[in-house]
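Please open the model in a viewer and set the display to a cartoon representation, with side chains available on request. The stops below are meant to be followed in order.

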Amino acid sequence: MTQKGGQTPMPIPEPFLIDVPEPILIDLKARLKRARWPDQAPDTEDWSLGSNLSYMRRLIGYWADGYDWRERERLLNRFAQFTTDIAGQRVHFLHEKGRGPSPCPLLLSHGWPGSVVEFQQLIPRLTDPVAYGGDPADNFTVIAPSLPGYGFSFQPGQQRSGITEIADLFADLMHMLGYSRFASHGHDWGAAITTRLGYAHRDKLLGIHLNLLPMPREPVEAVTEEETAFNAQLAGWLREETGYSAIMATRPQTLAYGLTDSPVGLAAWIVEKFQRWSDCEGDLEGHISRDTLLDNIMLYWATGAINSSFWPYHARHHGAPLLPPGAKVTVPLGYAEFPKEILKPPRSVAEHSYADIRRWTVMKRGGHFAAMEDPDALAEEIRAFFRPLRTA
């Protein structure tokens, strides 16, 4: 494939299947079997100090003796996957064609500590809405990349990318695939990437849809009750929930030694976020299956990509803001506010960054990992928001 104007030819994406080498699985099982466990402080049998010891023992026991990666690998491989190289970066992506008339290209961007595993249930609801009781005219062709430095978008020693660079890279990926205009949805870092796309590549975007608003992490000038409540929520978040991001932003290399060497440490670091940030009411595996939780962890373990996955935190901490001061995203925005999301800015705050809010829906249930927690509701929101924009 060649760019217009005789520019440098772009590589043709190569088909890809997940096939973790057997020695990695053998080594993993041995490490799980010889885990060295910490104690837990007395009278703290909840998750207030981090990943609960009794839960982690059960999860690791299942990972070692009950979890079937080859079967889970087969399920992940039901999606069409490819790899390519863009600007020296390896990029792995799912590319599922829509089933219906005139499918709309839709870029899905995940975050940390997630992966494309999060979209397993969402993608079929978007590519084949009829199979889930929807309208065939709402079908999408879905492109879901692993973020650079995550999962199979990683090679040891690969250059690191912050959100600005990832947004540019994803715009190049969509151009490479022949999509001159497209829709975009994201959450967590994916919400920041999608927001940046809406600002820096507005001519390519039909609109953007988010289920997290990437607001500045500082109190707003409160005029309304909603703004006062947001400031209180933000203060609690900064006080109790941001230790993980502080170390990943400032000393990622030091943390990476332990998490790259210990699958138990890696699992504890990741699982705690799913427990804290989802709408699970204390019952994580009743909300997200342990197989799915382990699928996600496996994409970090099998590739050795945990260190590089920290980089967006480092880049945010040491780099420029997502948007220039005073700038706004002018493409249409749709937002789904899930009740247990980590931060829920009011619309008046969002309007400082987004000039054209077309849809703002308060959802009935769900948390940070909406694509896993309630894929039906999220899929319907995405369909509804982009429906009038398809012919714009």
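Begin by selecting strands β3 (89-96) and β5 (140-145) of this predicted model; the two pair in the antiparallel sense over 4 bridges. To locate the register, show E96, whose bridge partner in β5 is V142. Colouring β3 by accessibility shows a strand that is mostly covered, with 7 of its 8 residues buried.

Next, add β2 (81-86) to the selection. Strands β2 and β3 run antiparallel and are joined by 6 bridges. Within this pairing, D85 has R90 of β3 as its bridge partner. The hairpin that β2 and β3 form has 2 residues between the strands, and A87 there takes a positive phi near 55 degrees.

Now move to the other pairing of β5. Strand β4 (residues 104-109) runs parallel to β5, and 4 bridges join the two. Select C104 and look across to β5, where F140 stands opposite. Helix α5 (residues 163-176) packs on the sheet here, touching β2, β3, β4, β5 and β6 (182-186). The direction of α5 makes about 115 degrees with that of β2.

With these strands in place, display the whole sheet. The sheet is open and consists of 9 strands with mixed pairing, in the order β1-β2-β3-β5-β4-β6-β7-β8-β9. At its edges lie β1 (14-15) and β9 (357-362), each of which pairs on one side only.

Within β6, select S184. Is this residue buried or exposed? With a relative accessible area of 0%, S184 is buried. Setting aside residues up to four places away in sequence, S184 touches L106, L107, T194, L197, L205, G207, I208, H209 and F386.

The last of these contacts leads to the next stop, helix α16 (residues 375-386). At 1.5 Å a residue, its 12 residues should span 16 Å, and the end C-alpha atoms are indeed 16 Å apart, in agreement with that value. Of the 12 residues of α16, 9 are buried, so the helix is largely enclosed by the rest of the structure. The buried residues are P375, L378, A379, E381, I382, R383, A384, F385 and F386.

Stay on α16 and show the side chains of E380 and R383, which form a salt bridge with the closest N and O atoms 3.0 Å apart. The two residues are 3 apart in the helix, a separation of about one helical turn. Their surroundings can be compared by accessibility: E380 is partly exposed, with a relative accessible area of 35%, whereas R383, at 5%, counts as buried.

This pair belongs to a wider set, for the structure holds 21 salt bridges. Two further examples are worth selecting.

Show D19 and R70 for the first example; in this salt bridge the closest N and O atoms are 3.6 Å apart. The pair links distant parts of the chain, 51 residues apart: D19 is in the loop between β1 and α1 (22-33), and R70 is in helix α3 (residues 69-76). D19 is exposed, with a relative accessible area of 57%, while R70, at 30%, counts as partly exposed. Extend the selection to E22 and E73, since D19, E22, R70 and E73 are linked in a network of salt bridges.

For the second example, show R31 and D261, whose side chains meet in a salt bridge with an N to O distance of 3.1 Å. R31 lies in helix α1 and D261 in helix α9 (residues 252-261), so this pair ties together parts that are 230 residues apart in sequence. Both residues count as partly exposed, R31 at 21% relative accessibility and D261 at 47%.

For the final stop, return to α3 and add helix α11 (residues 290-301). How are these two helices arranged? Helices α3 and α11 pack at an angle of about 85 degrees, with their axes 11 Å apart; they are therefore roughly perpendicular to each other. To see the contact itself, display W69, R72 and L76 of α3 together with D291, T292, D295, M298 and L299 of α11.

Definitions and conventions. Residues are numbered from 1 along each chain as its sequence is written. This is a predicted model: local features need pLDDT of at least 70, side-chain atom pairs count only at pLDDT 80 or more; totals for chains, interfaces and linings use all residues. Side-chain values use heavy atoms; hydrogens and water are left out. Two strands pair if DSSP finds at least two bridges between them. Contact means heavy atoms within 4.5 Å. Axes are lines fitted to C-alpha atoms, for helices over the stretch in contact, and angles run from 0 to 180 degrees between N-to-C directions. The expected span of a helix is 1.5 Å times one less than its number of residues. Buried means under 20% relative accessible area, exposed over 50%, partly exposed in between (1.4 Å probe, protein chains only). A salt bridge is a side-chain nitrogen of Lys or Arg within 4 Å of a carboxyl oxygen of Asp or Glu. Angles under 35 degrees count as roughly parallel, over 145 as roughly antiparallel, 65 to 115 as roughly perpendicular and the rest as oblique.
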